[in-house]
Number of protein chains: 2
Amino acid sequence: MSITIKDVAKKANVSIATVSRILNNKPGYSKKTEEIVLKVIEELGYHPNSIARGLINKRTHTIGVLLPKISSMLMNEIIRGIEDTTHQYGSSVIVCHTESNGQKTMQYLQLLHEKQVDGIIFTSETLKEEYYQFVKKMNIPMVLLSTESYTFPVPFVKVNDKHAAYSATEYLIKNGHKTIGMISGKKEDLVAGQPRIDGFLQAMKAYELPVSDNHVVCEDGFSFEDGVSGFHNLQKQLPDMTAIFAASDEIALGIISTAYQMNIRVPEQLSVIGYDNLTIAEMSIPPLTTVGQPLYEMGEKATEMVFEMFEKKQTVESRIFPHEIVERKSVKNVTKA
Amino acid sequence: MSITIKDVAKKANVSIATVSRILNNKPGYSKKTEEIVLKVIEELGYHPNSIARGLINKRTHTIGVLLPKISSMLMNEIIRGIEDTTHQYGSSVIVCHTESNGQKTMQYLQLLHEKQVDGIIFTSETLKEEYYQFVKKMNIPMVLLSTESYTFPVPFVKVNDKHAAYSATEYLIKNGHKTIGMISGKKEDLVAGQPRIDGFLQAMKAYELPVSDNHVVCEDGFSFEDGVSGFHNLQKQLPDMTAIFAASDEIALGIISTAYQMNIRVPEQLSVIGYDNLTIAEMSIPPLTTVGQPLYEMGEKATEMVFEMFEKKQTVESRIFPHEIVERKSVKNVTKA
DNA sequence: ACATTTTACGTAAACGTTTACGTAAAAGAT
DNA sequence: ATCTTTTACGTAAACGTTTACGTAAAATGT
């Protein structure tokens, strides 16, 4: 048996109500009894049972995070931001990786419902109608992170992917590159797919550089392996390119690694710019120039939004975060000065 | 108001006891009423409140994981193993990163106590007396992961670090290296510190190779930056070495990256073997030869142990996992054949 | 000194479940 | 047909809190 509020009350010769009041410092007790009770609590090593609290308060101090793949390095920083912030709010988080599987997602949603989480952060994936309706019924706040919905009124935090892709491409162009390829991940990806391709295309057009279907290859995902195979494909289609925009850092690393094996030197013969600015970007050889998103801060913000919505019982404004080009060593300036 | 078991009972014209019985399929209801109740549940979209359940069952289906730094890539695989397995058991996990801070650790322990977790996995850190006593009072199972305690009877799962370090060094030796340095992380680290140094030393002695204080440098941690500075230091102490054993993959990457900048070619001029076999090990240039631990499986096992202890209410045997040398391209065979 | 307000409590209901116990009806045994 | 067992429920207590309500004592006001 563990020690309950009753034990404290008995030993301190007060009612449980008084103990509870002291614990939550609601008015209704004297300095003297507070001292006594506090001492007893100390002596007994009492800790309130937050399950019982949750039952009556209808607040569990727990939020749920749904994300496609925890293994993806991208998620790390984001999760760190979420967890740190959540803990600062005196809450904890339940992480659920859905593997982009609809059924699994629904299962997790159910789990989160049963566990009565106070809110949900839905990350990096398309918010399907089914998900939305379920969460709506749960009647708890949800915010979208690194994704957005055109159909449902759910606040989001993300960067402008199209704009960021434009910037990356522009950076390549300003460094004198003219024949530029792009290796995209899954085209259907709502946020990392088409928008980044669009940004790339738009930049090429804006600078009046030639661009065709041959300039872009789409892979199944955003992993190292996708980078490897993407590079092989792009090589065939666009053999004389001097630079590549990769839709993720992992893809970029796949490119660099493959190029290394093919004796193509980066950046001397081939420039590569990535997207994400993962920790590994600075560990790569050469260190990877890439598009940075403030992932930690985004996780932080999303968490704050969830708590704000929970407390104020109303929606909150979406937030677009700025991106930046993190210059390192994988892009060469080829302008003939 | 959300839908409770009462609503279901009322609409189905039965008592809440019956509904509960059906939900938990305990005996005591007919096929007919089951059908009716199930239908009503479906119609109302009822989901049991696991907080209320937890209160009465004294089981929350939640476990806590304590680890020093979530950012460390090492933890990723481990956490994946833990989370996947936990979810398979119909439970969820609360991750707490303590940053090796005693005060923070105690705070989290308190949080986990208040949230009434069913068990705790304590990872990669020294189990201090204070922690042990606290968890002992909580009276829930705990298992140590990637660490162990000589003082307290807590089951653990880890690899034999000394042995693994011996193997790594031996691998270098068998590839013909004679002047071999080691870059260690924090020496005080109970599992990744001295044991790996000991393994290194023992292998050197076993093969009668010279070894002195100059052969080993210890850094503050196991990060990329530690590898960078460690390499600089070791270079001074042992300029003619042909191979390095790094106490972590991140350190190894730091070495390789620095070597690259100093125009020292890996593995042609310098061989490097790492420790951990992180995802990034295969992305590096050249791909990193390293000591692999079955991290995912270890997380899996630790989780299973926690649940087993919870159910059987008794301790369980510790488990040493095998390590392996993952051969890639960062070590050159220098035997003159 | 007395009326009034405030303070400092205690009592009990409530949160949404599970489960021990009781009981009437159905089923089975003789 | 009667007795016994089994089945299919319902009632109510319990889990550990919070909190609305009530009340006696203390503090304040006149």
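**View 1. Surroundings of DNA strand D in the predicted model.** DNA strand D is surrounded by 26 residues. Closest to the strand are A:Ile5, A:Ser20, B:Ser15, B:Ala17 and B:Ser30. Both protein chains contribute: α2 and α4 of chain A, and α2 and α4 of chain B, each supply at least two residues of this surface. By class, the surface near DNA strand D has 14 nonpolar, 10 polar and two charged residues.

**View 2. Surroundings of DNA strand C.** Here, too, 26 residues lie around the strand. Those that come nearest are A:Ser15, A:Ala17, A:Ser30, B:Ile5 and B:Ser20. At least two residues of the surface near DNA strand C come from each of α2 (16-23) and α4 of chain A, and from each of α2 (16-23) and α4 (50-57) of chain B. The surface near DNA strand C divides into 14 nonpolar, 10 polar and two charged residues.

**View 3. The annotated N-terminal segment of chain A, residues 3-57.** An unreviewed UniProt entry lists residues 3-57 of chain A as "domain: HTH lacI-type". Over these residues the chain is 69% helix and 0% strand. The end C-alpha atoms of the segment are 21 Å apart.

**View 4. A:Ile22 in helix α2 of chain A.** A:Ile22 is buried, with 21 other C-beta atoms within 10 Å. Beyond its neighbours within four places in sequence, A:Ile22 is in contact with A:Tyr29, A:Glu34 and A:Val37. A:Ala12 gives a distance reference: A:Ile22 and A:Ala12 are 10 residues apart in sequence and 12 Å apart in space, C-alpha to C-alpha.

**View 5. The interface between chain A and chain B.** In this interface, 33 residues of chain A are in contact with 33 residues of chain B. On the side of chain A that touches chain B, two or more residues come from each of α4 (50-57), α5 (73-88), β2 (92-97), α6 (102-114) and α11 (249-261). The largest share, five residues, comes from α4(A). By class, this side of chain A has 15 nonpolar, 13 polar and five charged residues.

**View 6. Relation between the two copies, chain A and chain B.** A rotation of 180° with 0.0 Å of shift along its axis superposes chain A on chain B, with an RMSD of 0.1 Å. The two copies are thus related as by a two-fold rotation axis. The interface fits this picture: 100% of the interface residues of chain A are also interface residues in chain B, so the copies meet through the same surface.

How values were computed: Residues are numbered from 1 along each chain as its sequence is written. Chains are lettered from A and ligands numbered from 1 in the order in which they are written. This is a predicted model: local features need pLDDT of at least 70, side-chain atom pairs count only at pLDDT 80 or more; totals for chains, interfaces and linings use all residues. Two residues are in contact if their C-beta atoms, placed from the backbone, lie within 7 Å. Helices (H or I, at least four residues) and strands (E, at least two) are DSSP runs, numbered from the N terminus. Ala, Val, Leu, Ile, Met, Phe, Trp, Tyr, Cys and Pro count as nonpolar, Asp, Glu, Lys and Arg as charged, and the others, Gly among them, as polar. A residue is near a molecule or strand if its C-beta atom, placed from the backbone, lies within 6 Å of it. UniProt positions are given in the numbering used here, feature names are shortened, and annotations may be inferred rather than shown by experiment. Copies are superposed by least squares on the C-alpha atoms of residues with pLDDT of at least 70 in both. A residue is buried if 20 or more other C-beta atoms lie within 10 Å of its own, exposed if 12 or fewer, and partly exposed in between; C-beta atoms are placed from the backbone.
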